[in-house]
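User: I am new to this structure and should be grateful for a close look at one part of it. Please describe the metal site and its surroundings, and then continue to the aromatic pairs and the helix that they involve.

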Amino acid sequence: MAAVRHYSNPLTCVQEVASVKWPKGEPICPRCGSKRNSFLKTRLMWKCLECKKQYSVKVGTIFEDSAIGLDKWLCAMWMLANCKNGVSSYEVGRALEVTQKTAWFMLHRIRYAQHHGTIDKMTGTVEADETFIGGAARFMHADKRAEKIHGRGPVGKAIVFGLLERETSTVRASVVGTRRKHHLHKQIRENVAPGAELNTDALPSYDDLNEYTHKVVDHAEKYVDGTVHTNRLENFWSLLKRTIKGTYVSVEPFHLFRYLDEQSFRYNERELTDAERFQKVLGSVAGKRLTWDNLTSQEVG
Ligand SMILES: [Zn+2]
């Protein structure tokens, strides 16, 4: 409600987005790059004094091409950044008076903003583990249930692989094709610096990671062996599963990586206040656009 009140003033919305889009306080014309402009108060747009075209703060952001007002966008962003167990498109639709389909699209655009790849590899002690998501019969439609109910174990489930850097308690999670060696090793080598101490369970796929100090805790015997464990990652998995089961009811496997981004973001930024976390999401909107077409096609990654 605080967010709804705060963003009920359109000028406030434009100013906040402008302050992250143009941190130096100088709006730049997206067509000709000129900084000479005048602000049109009635339209909440800038007019370029060089090429004479008008532009809005939405250009080049995830809000571009959307008819939804920034007031609603920023409220949706606030909700997603701060609701611990996530927020469904139905809730956002009701709160913002948009259709569920529109709310779904908005939430996916915001998740896309939350996904920030980093070039830094993890160091120190790193927990690695994998888990199965989805496929539980009670969350499926009747026809799918009939088709899957006879399956055993991981049939119909997505496999999520996670890494947690213990010193900073930051998580990276992604969907992997299988639990076989080559899939897991690829993730580890891409994300963890050689020489790091790797803590895993006894899954044979973790064998032969010779550039790491590999320490194993066999879950058939115990869960903690001195400092060797994957407990923090297990904790992250339970948060993730609670979010997906409690809030999202059903997640298409193709979209699962966005939910992973969302949950990882909230986890990694848990020390921030609600306002700071929101600013962080807002800070990542510039330069990211996601259209309905590329959202629903397989190319997005
Ligand atoms: Zn211009």
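**The zinc site and its surroundings**

Analyst: Four sulfur atoms coordinate the zinc ion at 2.3 Å: SG of C29, SG of C32, SG of C48 and SG of C51. The model described here is a predicted one. Along the chain, the donors of the zinc ion are spaced as C-x2-C-x15-C-x2-C. The site is tetrahedral, with angles of 101 to 119 degrees among the four donor atoms.

Two of these cysteines may be considered by their accessibility. C48 has a relative accessible area of 0% and is buried. C51, at 27% relative accessibility, counts as partly exposed, because values between 20% and 50% fall in that class.

S34 belongs to the same discussion. S34 lies in the loop between α2 and β1 (37-40), and its relative accessibility of 11% makes it count as buried. Leaving aside residues up to four places away in sequence, S34 touches P27, I28, C29, C48, E50 and Y55. Among these contacts are C29 and C48, which are also donors to the zinc ion.

Y55, another contact of S34, leads to the aromatic residues. Ring pairs link Y55 with W22, F39 and W46 into a cluster.

The count of aromatic pairs comes to nine. One of them is formed by Y7 and F278, whose rings are tilted, with 5.7 Å centre to centre and 40 degrees between the planes. Y7 is in the loop between α1 (2-6) and α2, while F278 is in helix α10, so this pair ties together parts that are 271 residues apart in sequence. Both Y7 and F278 are buried.

A further aromatic pair, F236 and Y267, is edge-to-face, at 5.3 Å centre to centre and with 80 degrees between the planes. F236 belongs to helix α8 (residues 231-248) and Y267 to helix α9, and this pair links parts of the chain 31 residues apart. F236 and Y267 are both buried. Y267 has a charged partner as well: the charged end of R270 sits over the ring of Y267, 4.3 Å from its centre.

Helix α10, which holds F278, spans residues 274-282, and its buried residues include R277, F278, V281 and L282. These residues cover an arc of only 140 degrees around the axis, and therefore lie on the same side of α10. The buried residues of α10 pack against four helices: α2 (10-21), α3 (70-82), α5 (100-114) and α9 (256-268). Helix α9 is thus a partner of α10 in packing and also the helix in which Y267 lies.

Notes
Residues numbered from 1 in each chain as written. Predicted model: local features only at pLDDT ≥ 70, side-chain atom pairs only at ≥ 80, totals over all residues. Heavy atoms only, no water. Buried < 20%, exposed > 50% of the residue type's maximum accessible area, 1.4 Å probe, protein only. Helix = DSSP H or I, 4+ residues; strand = E, 2+ residues; numbered from the N terminus. Arc of directions from axis to C-beta. Contact = heavy atoms within 4.5 Å. Donors = N, O, S within 2.8 Å, 3.2 Å for Na, K, Ca; no water. Tetrahedral: all angles 85-135°; square planar, octahedral: opposite > 155°, others 65-115°. Phe/Tyr/Trp six-rings, centres within 6.5 Å; stacked < 30°, edge-to-face > 60°. Lys NZ or Arg CZ within 6 Å of the ring centre and 35° of its normal.
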